[in-house]
Amino acid sequence: MAVDTGTEALARLAEERVDHRFKGLPPDADGLTVAELTRQGRNLFTGGFTTPVLALSAERLEHNLRLMETYATRHGLAFAPHGKTSMAPQLFHRQIEHGAWGITLAVPHQVRVARAFGIQRVFLANELVDAAALRWISSELDADPDFRFVCYVDSVRGVGLMDAALSDAGASRPVDVVVELAAGEGARTGVRTEAECAAVADAVAGARTLRLAGVAGYEGEVPGADPEKVHAWLRRLVALAVDFDRAGRFGGLEDIVVSAGGSAWFDAVADVFTEVPDLSLPVLKLLRSGAYVSHDDGHYRELTPFNRVPEEGALEPAFRLWSQVVSRPSPEQAFTNAGKRDAAYDLHLPFAQVVRRDGAERPATGVEVTGLSDQHAWLRTTAEADLEVGDWLGTGLSHPCTSFDKWQLIPVAQADGTVVDYIRTFF
């Protein structure tokens with residue numbers, strides 16, 4: 001039933017009408033369905049698209065999906081990529097088609113989106129204490145025996161709030177929880193010490209509506225993270241799982257969850273998770289890296305573990321934001337029509353990469369993005385820059401999580417500009 005619902009929901013996306021809600025799309029496409037526009041195979045540069053417009057590379061997107069599928073398989077990891085990156089159910093399903101166990105999410109709304117599109121396994125990387133959301137989760141679990149949901153717990157009080165809300169909801173299936181081990185003092189969420197982890201696990205054992213399913217955390221929050229510190233914290237996480245198992249804390253499970261893995265240290269996760277000893281049940285070694293799906297031209301290009309293990313392959317940045325030069329007030333300055341509404345800027349400004357004029361594309365030599373207004377990019381240009389009003393500027397972006405959220409319908413273009421799909425986001 002849920003799989004059919006997901007298929008039907010994806011099909012309905014293709015029947016959505018194109019209109020003013022979706023920036024960058026051709027004005028003369030208004031009234032067409034997404035499916036009809038896709039079948040036209042318009043060209044991103046000559047097919048009536050207006051600037052600014054964000055596009056995904058069809059080839060690079062597929063490359064990234066395949067690479068992480070291969071990586072997870074090679075290292076014996078299950079994979080639940082973090083869906084907050086794209087909030088795009090079409091990409092969720094492509095990730096699952098490429099071997100993902102399920103999808104990681106962060107807040108209840110995101111889980112509702114995933115369930116609306118038939119996602120059957122969800123890892124919520126947060127403690128969930130909202131009573132209304134817990135009532136809904138309980139109803140989903142009760143209605144669908146194939147739905148698997150796992151979330152963090154990181155406090156005795158949180159366990160109590162969850163148990164009270166689920167008891168009030170009349171939950172018949174327990175909610176699986178994993179104790180979140182903090183990455184260190186001053187890190188983000190999570191239980192700070194092993195003794196406190198045991199107290200949280202004791203609270204779970206005393207809750208009628210919860211079931212302890214494993215341990216988890218996020219190594220990206222390790223203070224002053226370096227390979228030695230990250231490996232050490234991951235070994236603490238593994239040791240916590242071993243201690244819990246020896247104490248007989250895991251019962252009635254199919255497997256024990258041990259989960260970590262952002263997009264900067266998944267090589268360390270792969271290394272340490274090979275050290276997980278045999279436990280009383282099979283171990284689900286769950287990696288949660290999400291930014292790989294589009295990668296980027298800044299933050300993750302610098303931090304990706306593939307820089308440390310190049311023999312394993314390389315992710316490719318799949319985003320490109322196209323804007324148009326609308327002002328050239330001096331030889332040292334120019335402005336395009338893309339700004340904070342369109343481009344990620346929380347980690348790095350966009351990177352000028354290529355210029356298009358009269359169908360020809362060349363490197364954006366001598367062009368640098370120095371600032372963003374709401375709807376303008378500020379460009380510094382040197383004597384080498386050949387830039388005129390009307391030129392299209394292609395920029396790379398840094399941080400996928402704050403790129404996807406600015407666009408509701410994103411064209412997927414092949415290398416020659418032919419648009420072959422449109423990705424719908426739900427933020």
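Which element gives the most to the lining of the largest pocket? This report takes up that question first, then turns to a second pocket, two helices and two buried loop residues. The model is predicted.

## The largest pocket

Helix H11 gives the most to this lining, contributing three residues. The largest pocket has a volume of about 650 Å³. Its lining comprises 30 residues, and those closest to the centre are His 82, Lys 84, Arg 188, Tyr 218 and Tyr 300. Two elements give two or more residues to the lining, namely strand E4 (121–127) and helix H11 (299–303).

Sorted by class, the lining of the largest pocket holds 13 nonpolar, 12 polar and five charged residues.

## The second largest pocket

The second largest pocket contains about 390 Å³ of space. It is lined by 21 residues, and Ser 57, Arg 320, Trp 322, Gln 414 and Ala 415 lie nearest its centre. The elements that supply two or more residues to this lining are strand E1 (53–57), helix H3 (58–74), strand E10 (319–330) and strand E12 (351–357).

The class composition of the lining of the second largest pocket is 10 nonpolar, four polar and seven charged residues.

## Helix H7

Helix H7 covers residues 156–168. With 13 residues at 1.5 Å a residue, H7 should span 18 Å, and its end C-alpha atoms are 18 Å apart, so the expected and computed values agree.

The buried residues of H7 are Gly 158, Val 159, Met 162, Asp 163, Ala 165 and Leu 166. These residues cover an arc of only 170 degrees around the axis, and therefore lie on the same side of H7. Arg 157 and Asp 168, on the other side of H7, are exposed.

What do the buried residues of H7 pack against? Their partners are E4, helix H6 (131–143), strand E5 (148–153), strand E6 (175–180), H8 and E7. Strand E4 thus appears in two settings: E4 gives two or more residues to the lining of the largest pocket, and the buried residues of H7 pack against E4. Just after H7, Gly 170 adopts a positive phi of about 70 degrees.

## Helix H4

Helix H4 spans residues 89–97, and its buried residues are Pro 89, Gln 90, Leu 91, Phe 92, His 93 and Gln 95. Gly 99, just after H4, has a positive phi of about 95 degrees.

## Two buried loop residues

Ala 207 is located in the loop between helix H8 (194–205) and strand E7 (210–216). Is Ala 207 buried or exposed? Its relative accessible area is 8%, which is under the 20% limit, so Ala 207 counts as buried. Leaving aside neighbours within four places in sequence, Ala 207 is in contact with Val 159 and Asp 163, both of which are among the buried residues of H7. The C-alpha atoms of Ala 207 and Met 162 are separated by 8.8 Å, although the two residues are 45 residues apart along the chain.

His 399 occupies the loop between strand E16 (392–396) and strand E17 (409–413). His 399 counts as buried because its relative accessibility is 14%, under the limit of 20%. Apart from neighbours within four places in sequence, His 399 is in contact with Asp 296, Tyr 300, Ala 344, Asp 346 and Leu 347. One of these, Tyr 300, is also among the residues closest to the centre of the largest pocket.

Methods:
Residues numbered from 1 in each chain as written. Predicted model: local features only at pLDDT ≥ 70, side-chain atom pairs only at ≥ 80, totals over all residues. Heavy atoms only, no water. 1 Å grid on protein atoms, 1.4 Å probe; cavity = no way out; pocket = protein on both sides within 12 Å on 5 of 7 lines; lining within 4 Å. Points joined across faces, edges and corners; volume = space filled by probe spheres on them. Helix = DSSP H or I, 4+ residues; strand = E, 2+ residues; numbered from the N terminus. Nonpolar A, V, L, I, M, F, W, Y, C, P; charged D, E, K, R; others polar. Buried < 20%, exposed > 50% of the residue type's maximum accessible area, 1.4 Å probe, protein only. Contact = heavy atoms within 4.5 Å. Expected span 1.5 Å × (residues − 1). Arc of directions from axis to C-beta.
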